[in-house]
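Got your viewer open? Grab the mouse and follow along, one selection at a time.

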Amino acid sequence: MLTINHRLVACSEIWHDYVMEAYLPESDFLCSILNEEVSFESDFGARNLALLITMLDDPIDANRDWATFFLATSDHDSPAIRAALLKAAKDPHFDTRCEALSGLAQRNVEGVEALVLEALNGDHIGELMFEAAQYVAKAELVPALEEIKLFWDDDNSALNFAIECCKTGISARY
């Protein structure tokens with residue numbers, strides 16, 4: 001099975017119901033991953049992982065988003081995965097970009113700090129950007145995060161934790 005980090009496990013019941021009812025991938029392969037029917041550890045694991053990487057080029061936004069989520073939150077890491085996530089970080093679909101940034105930051109990919117800072121200074125802000133900032137944990141991100149705090153109406157806990165990580169230099173990876 002694909003090992004996914006805490007975000008999938010920690011999804012609230014409300015979010016889980018929303019995802020299950022409104023935003024499933026159209027791809028049978030991605031639905032099989034979601035249903036834990038696909039192994040990435042077996043003899044077919046490398047082929048399944050390669051297929052997952054190709055799904056980041058799918059023309060359907062939801063499929064790219066889910067594929068990026070599965071890849072970004074997996075424990076797998078390789079040059080091919082990093083390259084795919086770097087490409088996804090420039091995807092036209094906002095959620096896909098955010099998932100990719102989080103995955104890149106979790107893997108501490110070279111250049112991710114600049115990508116996260118660019119995203120934090122962008123027109124659209126999402127909580128996954130705060131997660132990415134928590135992983136990056138660099139003081140250079142603090143001004144952008146504090147600027148966001150001035151207008152952020154949602155729950156501030158992820159934002160506050162990102163600011164704390166960046167001020168202390170202690171990454172959420174550890």
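Before we start clicking, one idea to carry with you: a helix axis here is a line fitted to C-alpha atoms over the stretch in contact, and the angle between two axes runs from 0 to 180 degrees between their N-to-C directions. Also keep in mind that this is a predicted model.

**Stop 1: the whole chain**

Show everything as a cartoon. The protein chain has 11 helices and 0 strands. Of its 174 residues, 48% are buried. Now think about who touches whom: among contacts with a separation of 6 or more, 62% link residues 24 or more positions apart.

**Stop 2: helix α9**

Select residues 127–136, which form helix α9. Is this helix mostly enclosed or mostly open? Buried means under 20% relative accessible area. In α9, 9 of the 10 residues are buried, so the helix is largely enclosed by the rest of the structure. If you want to colour the buried ones, pick L128, M129, F130, E131, A132, A133, Q134, Y135 and V136.

**Stop 3: α7 alongside α9**

Keep α9 on screen and add residues 94–106, helix α7. How far apart are the axes of α7 and α9? They are 8 Å apart, and the two helices pack at an angle of about 15 degrees. Angles under 35 degrees count as roughly parallel, so α7 is roughly parallel to α9. The crossing between α7 and α9 is left-handed.

Next, switch on side chains where the two helices meet. From α7, show F94, C98, E99, L101, S102, A105 and Q106; from α9, show L128, M129, E131, A132, Y135 and V136. Sorted by class, the contact of α7 with α9 has 9 nonpolar, 2 polar and 2 charged residues. While you look along the helices, here is a handy rule: an α-helix has 3.6 residues a turn, so residues three or four places apart point the same way.

**Stop 4: L101**

Stay in α7 and click on L101. This leucine counts as buried, at 5% relative accessibility. Which residues does L101 touch, leaving out those up to four places away in sequence? The list is A89, V112, L115, V116, A119 and A132. You've already met A132, since it is one of the α9 residues that α7 meets. Try your distance tool too: the C-alpha atoms of L101 and L86 are 7.9 Å apart, with their positions 15 residues apart along the chain.

**Stop 5: T96 and D91**

Still in α7, select T96. T96 is buried, with a relative accessible area of 1%. What does the side chain of T96 reach? Its target is the backbone nitrogen of D65, at 3.3 Å. Not counting residues up to four places away in sequence, T96 touches D61, R64, D65, T68, A88 and D91.

Let that last contact lead you to D91, in the loop between α6 (79–88) and α7. D91 is buried as well, at 8% relative accessible area. Zoom in on its side chain: D91 makes a polar contact with the side chain of R64, at 2.7 Å. Beyond its neighbours within four places in sequence, D91 is in contact with L56, R64, T96 and R97.

**Stop 6: two loop residues with positive phi**

Go back to the end of α9 and select A137, which follows that helix. A137 sits in the loop between α9 and α10 (142–149). It has a positive phi of about 55 degrees, although it is not a glycine. Is A137 buried or exposed? At 7% relative accessibility, A137 counts as buried.

Now jump to E36, in the loop between α3 (28–34) and α4 (45–54). E36 is not a glycine either, and its phi is positive at about 60 degrees. Its surroundings are another matter: E36 counts as exposed, at 57% relative accessibility.

**Stop 7: F29**

For the last click, choose F29 in helix α3. At 16% relative accessibility, F29 counts as buried. Leaving aside its neighbours within four places in sequence, F29 is in contact with V38, F40, N48, L51, L52 and M55. Draw one more distance, from F29 to L51: these residues are 22 apart along the chain, and their C-alpha atoms are separated by 8.8 Å.

Notes: Residues are numbered from 1 along each chain as its sequence is written. This is a predicted model: local features need pLDDT of at least 70, side-chain atom pairs count only at pLDDT 80 or more; totals for chains, interfaces and linings use all residues. Side-chain values use heavy atoms; hydrogens and water are left out. Buried means under 20% relative accessible area, exposed over 50%, partly exposed in between (1.4 Å probe, protein chains only). Helices (H or I, at least four residues) and strands (E, at least two) are DSSP runs, numbered from the N terminus. Angles under 35 degrees count as roughly parallel, over 145 as roughly antiparallel, 65 to 115 as roughly perpendicular and the rest as oblique. A crossing is left-handed if the near helix is turned anticlockwise from the far one by less than a right angle, and right-handed if clockwise. Contact means heavy atoms within 4.5 Å. Ala, Val, Leu, Ile, Met, Phe, Trp, Tyr, Cys and Pro count as nonpolar, Asp, Glu, Lys and Arg as charged, and the others, Gly among them, as polar. A polar contact is a pair of N or O atoms within 3.5 Å; within protein, one must be able to donate a hydrogen and the other to accept it, and residues adjacent in sequence count only if both atoms are side-chain atoms.
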